[in-house]
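This explanation concerns the enclosed spaces inside a protein and the residues that surround them. Please keep the sequence and the model in view while reading.

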Amino acid sequence: MKPFCFAKNQIIDAQSAKVHPMDIGLIRGYGIFDFFRTSNYTPLFLSDYLDRFIRSASKTHLQLNYDKSALSDIIHQLIEKNDLKNGGIRMLLTGGVSENHFSPGAGDLFIFCEDLIFPSLEKYENGVKLLSAEHVRAIADIKTTNYAFPVWLSADWKAKGAEDVIYHQNGIISESSRSNIFVIKDGAINTPDEHILHGITRMRVLELAPETSIRQVSFEELLKADEAFITSTTKKILPITSIDNQKIGSGLVGPITKQLMTDFEAMEKQIVFK
Ligand SMILES: Cc1ncc(COP(=O)(O)O)c(C=O)c1O
């Protein structure tokens, strides 16, 4: 964590930020957050992340006392104070302390700056494995702080040499624990649209590949795909080359995935060095 954060309506020493132990963010897992990164001091796609954070607050009935431009100002101040050239920024709105320990109260807003470590080059070159799990996220399009299931499951996927998990239910896939998924067959790109968080990286990939079909994708299709990849703020575009113990396509990173990885890097450079 970087030295300065926003808490209690001001920029303070990050070590002194506190949350009440009876906050329902803690005792019920009820809160929202968002996470984005800086690239050469530019907060990438900031407007989209702020829109999503504001939408999450509204959908969870949590009061956010700062509008988009006030949040943007605080974020720019934090980037400067923390000298955050390339890092992560986490906005968090807790559920608040409530009399009945259940109904949302007046939440606390925190904004932290962090170091950010991407997956290794080897993972981008060779792809990674996902473990499948029968699951679907509740209120999936809201970026809540409740990640209890994947945190618990991570011991299992790590023990099995997987990078993460792919959720499926009734034969239909949705997303990975912190990423969206794209599935490619015979040159056609497909991505699920239901029971997912609408990722900002997914949105960028859809701009790079507007021909993508946004539709229900079956687990069977994923297993028989030529290529697959996941997208997220902290992973960018990460190729998937096996699911459980089954190879995807040739088991190597495919040409469409490679091209999109290159295009995404170019898009980022164009924004940062414009
Ligand atoms: C459940 C879930 N799906 C998808 C994503 C990817 O979203 P983004 O590209 O905005 O990071 C995330 C990111 O944390 C996530 O938690």
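The model shown here is a predicted one. The structure contains 2 cavities of 30 Å³ or more, and the two may be taken in turn.

The largest cavity has a volume of about 50 Å³. Which residues line the largest cavity? The lining is made up of Arg 37, Leu 44, Phe 45, Tyr 49, Thr 201, Ser 232, Thr 233 and Phe 264. When these residues are sorted by class, 4 are nonpolar, 3 are polar and 1 is charged. The charged residue is Arg 37, while Leu 44 and Phe 45 are among the nonpolar ones. The lining also involves two parts of the chain: domain 1 (4-114) and domain 2 (121-272) each supply at least three residues to the largest cavity.

The second largest cavity has a volume of about 30 Å³. Its lining consists of Asp 226, Glu 227, Ala 228, Pro 239, Ile 240, Thr 241, Ile 248, Leu 252, Val 253 and Gly 254. Two elements each give two or more residues to this lining, namely strand S13 (227-232) and strand S14 (236-243). Which of the elements gives the most to the lining of the second largest cavity? That element is S14, which contributes 3 residues. In terms of class, the lining of the second largest cavity comprises 6 nonpolar, 2 polar and 2 charged residues. Asp 226 and Glu 227 are the charged residues, and Gly 254 is counted among the polar ones.

Terms used: Residues are numbered from 1 along each chain as its sequence is written. This is a predicted model: local features need pLDDT of at least 70, side-chain atom pairs count only at pLDDT 80 or more; totals for chains, interfaces and linings use all residues. Side-chain values use heavy atoms; hydrogens and water are left out. On a 1 Å grid over the protein atoms alone, a cavity is a set of points where a 1.4 Å probe fits but cannot get out, and a pocket is an open set with protein on both sides within 12 Å along at least five of seven lines; lining residues have an atom within 4 Å of a point. Grid points are joined across faces, edges and corners, and a volume is the space filled by probe spheres set on the points. Domain bounds come from an automatic or database domain assignment. Helices (H or I, at least four residues) and strands (E, at least two) are DSSP runs, numbered from the N terminus.
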